[in-house]
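The following exercises practise the reading of a protein model. Please attempt each task before consulting its solution.

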Amino acid sequence: MSRIIYSIFIDIPEKDLDNTGWYDQQGIKQDTDKSKVTKDYFLKYYDKLKERQIKYARALDVDYVLHEYDDDYKRYINYFQKNYPQISVYDIINFYKQELMKRYAYKYDEVCYLDFDVIPNTNESIFDRVKHNEFGCADSNIEAEWGKNVEIKWYNTCIRNPSSKYWNCHAMLNEIGLDPDTDVFNTGIMVAASKMIKRLDYFGEFEEILDLMSKVKYDKSSMYPHNIQRIFNYDNETVFAFKRVVNNVKINYLDDDWHHKVQDEKWYVFNENAKMYHVINKRFGKFLK
């Protein structure tokens, strides 16, 4: 049984950092330095983050690869920027992780992806957590609840908020006549057997999917309020949620032990016994003493 764990670290040039922003009540997008702060934290803890992921792969006796700013990535981003200039560098990198998963599905029996901000805290095998007829991935349904219920005039969040991805996928599924109520996913950790990655067929009819994303984003007669429609985006998690419905992929919902999201929200409760910490707030020092 051949297995691999892989991750990606792309040190994005400052000129290519995106502004996720948020909207004030006048509908004006406010700048944020979140992308720059994230970049700085990754650079500060690069060695220790890589070391922890390598250590976990060795404990499981599986291959490990960290993909960085190499020639393969340069070819990939150049292709995207030439053919899909509307997509940010951040989103291209997240499509790249899906591209690599697709490639590895033809070389390995089982594949696990970890965001570079995921810190393993166990020697238990994540591969054994997911059956061969399932695709392992955590949902972000709780995080999306606010945006599904808030009064429209107060909907002022950014493009990366899970509720934004919920409505984006909702619009896409609705457009093709499928039940639009969908789960929202966090693809910071993904694990699946080769056959399930192929079944997901992430890049099948990809150009048509991007066209659909543009259609729901710019449709002047959209049923979706402007405050919601303006945050529709081209992101990997919206496509993942869409493809798992279209291709009827069974999800193994990774629980809080296997995908613990370390965040700053008021409702957040720290799980000190988690097997995988996804340090979304990038405060790595707590875990990398």
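The conventions come first, and the exercises with worked solutions follow.

This is a predicted model, in which local features need pLDDT of at least 70 and side-chain atom pairs count only at pLDDT 80 or more, while totals for chains, interfaces and linings use all residues. Residues are numbered from 1 along each chain as its sequence is written, and side-chain values use heavy atoms, with hydrogens and water left out.

**Exercise 1. Helix H9**

Task: Determine how many residues of helix H9 are buried, and describe what lies at its ends.

Solution.
Step 1. Helices (H or I, at least four residues) and strands (E, at least two) are DSSP runs, numbered from the N terminus. Helix H9 covers residues 236-246.
Step 2. A residue is buried under 20% relative accessible area, exposed over 50%, and partly exposed in between (1.4 Å probe, protein chains only). Nine of the 11 residues of H9 are buried, so the helix is largely enclosed by the rest of the structure. Among them are Val-239, Phe-240, Ala-241 and Phe-242, but also Glu-237, Lys-243 and Arg-244.
Step 3. Val-246 also belongs to H9, and it counts as partly exposed because its relative accessibility is 39%.
Step 4. At the N-terminal end, Asp-235 acts as a cap, with a side-chain oxygen 3.1 Å from the backbone nitrogen of Glu-237. Just after H9, Asn-248 takes a positive phi of about 55°.

**Exercise 2. Contacts of buried polar residues**

Task: State which side chains make polar contacts with the side chains of Asn-271 and Gln-53.

Solution.
Step 1. A polar contact is a pair of N or O atoms within 3.5 Å; within protein, one must be able to donate a hydrogen and the other to accept it, and residues adjacent in sequence count only if both atoms are side-chain atoms.
Step 2. Asn-271 is placed in the loop between strand E10 (260-261) and strand E11 (276-278). Asn-271 counts as buried because its relative accessibility is 14%.
Step 3. The side chain of Asn-271 contacts that of Asp-257 at 3.0 Å. In addition, a polar atom of the Asn-271 side chain lies 3.1 Å from the backbone nitrogen of Asn-273.
Step 4. Gln-53 is found in helix H1 (residues 34-60) and is buried, at a relative accessible area of 0%. Its side chain contacts the side chain of Ser-7 at 3.5 Å.

**Exercise 3. Salt bridges across the chain**

Task: Identify where the partners of the salt bridge between Arg-3 and Asp-128 lie, and do likewise for Arg-129 and Asp-255.

Solution.
Step 1. Side chains of opposite charge can pair when their charged atoms come close. A salt bridge is a side-chain nitrogen of Lys or Arg within 4 Å of a carboxyl oxygen of Asp or Glu. The count by this rule is 17.
Step 2. Arg-3 and Asp-128 meet in a salt bridge at 3.2 Å, N to O. The pair links distant parts of the chain, 125 residues apart: Arg-3 is in strand E1 (residues 3-8), and Asp-128 is in the loop between strand E6 (118-120) and strand E7 (135-139).
Step 3. Asp-128 counts as exposed, at 59% relative accessibility.
Step 4. Arg-129 and Asp-255 form a salt bridge, with the closest N and O atoms 3.7 Å apart. This pair also links distant parts of the chain, 126 residues apart: Arg-129 is in the loop between E6 and E7, and Asp-255 is in the loop between strand E9 (251-253) and E10.
Step 5. Arg-129 is partly exposed at 23%, and Asp-255 is partly exposed at 35%.
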